[in-house]
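Trainee: Hi! Could you walk me through this one?

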Amino acid sequence: MTDPLDTEEARALRDAVRALLTRRSGPEAVRAAMASPLGYDDKLWSTLCEQIGVAALAIPEHYGGAGAGLAEVCVVMAELGRTLAPAPLLGSAVLCGEALLRTGNDEACERLLPGIAAGTTLAALAWSGEDWSPSLTASDTGLDGRAHYVLDGDLADVLLAVARTADGLGLFEVPTDGVRRERVTTLDPTRRLAVVDFAATPARRLDADGFPLGKLLDTAVIAVAAEQVGAAARALELTVEYTKQRRQFGRPIGSFQALKHRMADVHVHVEAARSALYAAIVDGDAEAVTTAKVVCGEAFSHAAAEMIQLHGGIAITWEHDAHLYFKRAHGTALLFGDPLR
């Protein structure tokens, strides 16, 4: 079977995104973006959406999208992961775009998806308690509860919420002025999260007969796995480059057999993660998705840890990127809960 991440179209998309991020999302730009009021570079985001159409990829053409698929989204997520570029792709286009499509509500899709696809509307999805289980409840008076880990939740123009109802889970559209939204400090400074509080908040239900939150989270987990693969591969590349330059005892430290073995182990781990990601995209069943989450998360954590160790003292300075890869690795491993819990 053809690798969906290595088709001619996927390679062209990868080259376009990588070229743009190489020019616009270097280490200094990433630090400036994560310290900005938005937490990301809005000009870079606009360029990614206008010139490449990254937010439109998985949205059907009749809703203003490109009509591509999850594989193309994963190509972009991997490239964003390589540079650690802060961007609202995961929370807005992936989570909320997919959530709206899964409702089957044509009116809501026609009204909300074109802006999300264009990148001009930022959407956020609230649903999770501290343990990543649904924490919101819906009644005749509105929505109640507190949602944690809401991606870009304090900035969103459109707020969606998954809540428990008398007949199961439902997806709701919530006025942003009807809730209290607060940005929270995160382990990973390149990913923005918020807490959203609901108190008898008016909301409009969008689904007709139950909302498949599990299926939605499977899609999000696959997208994060792609980001982890891209970031792990780049962490390994940077480590190999450094070990070729750093010299001890009159020779590059990368020539020492012990270090070669350690970098080879990381390479094997990264390739296993690529295979797990491929299986999750192609198969899409629960087992493949869980495997991808575990294997890709472990590969990135391993690559980031070895990046710290093999760079030595410089890796724990603020000026070096190693600590950012390390924080992203641990932050993404915790996103959407522990699959083995």
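Mentor: Sure! One term to start: contact means heavy atoms within 4.5 Å. This is a predicted model, where local features need pLDDT of at least 70, side-chain atom pairs count only at pLDDT 80 or more, and totals for chains, interfaces and linings use all residues. Residues are numbered from 1 along each chain as its sequence is written, and side-chain values use heavy atoms, with hydrogens and water left out.

Trainee: Okay, which residues in α7 does α5 meet?

Mentor: Lys215, Leu216, Leu217, Thr219, Ala220, Ala223 and Val224 in α7 are met by Leu90, Val94, Leu95, Glu98, Ala99 and Arg102 in α5. Helices here are DSSP runs of H or I, at least four residues, numbered from the N terminus.

Trainee: And at what angle do the axes of α5 and α7 cross?

Mentor: Roughly 155 degrees, and the axes come within 10 Å. That makes α5 roughly antiparallel to α7, a term for angles over 145 degrees. Axes are lines fitted to C-alpha atoms, for helices over the stretch in contact, and angles run from 0 to 180 degrees between N-to-C directions.

Trainee: Is α5 largely enclosed or not, and why?

Mentor: Largely enclosed by the rest of the structure, because 13 of its 15 residues are buried. Buried means under 20% relative accessible area, exposed over 50%, partly exposed in between (1.4 Å probe, protein chains only).

Trainee: New topic: where does alanine 279 lie?

Mentor: In helix α8, residues 257–283. Alanine 279 is partly exposed, at a relative accessible area of 24%.

Trainee: What is alanine 279 in contact with?

Mentor: Gly284 and Ala288, leaving aside neighbours within four places in sequence. Its C-alpha atom is also separated by 7.9 Å from that of alanine 292, 13 residues apart along the chain.

Methods. Helices (H or I, at least four residues) and strands (E, at least two) are DSSP runs, numbered from the N terminus. Angles under 35 degrees count as roughly parallel, over 145 as roughly antiparallel, 65 to 115 as roughly perpendicular and the rest as oblique.
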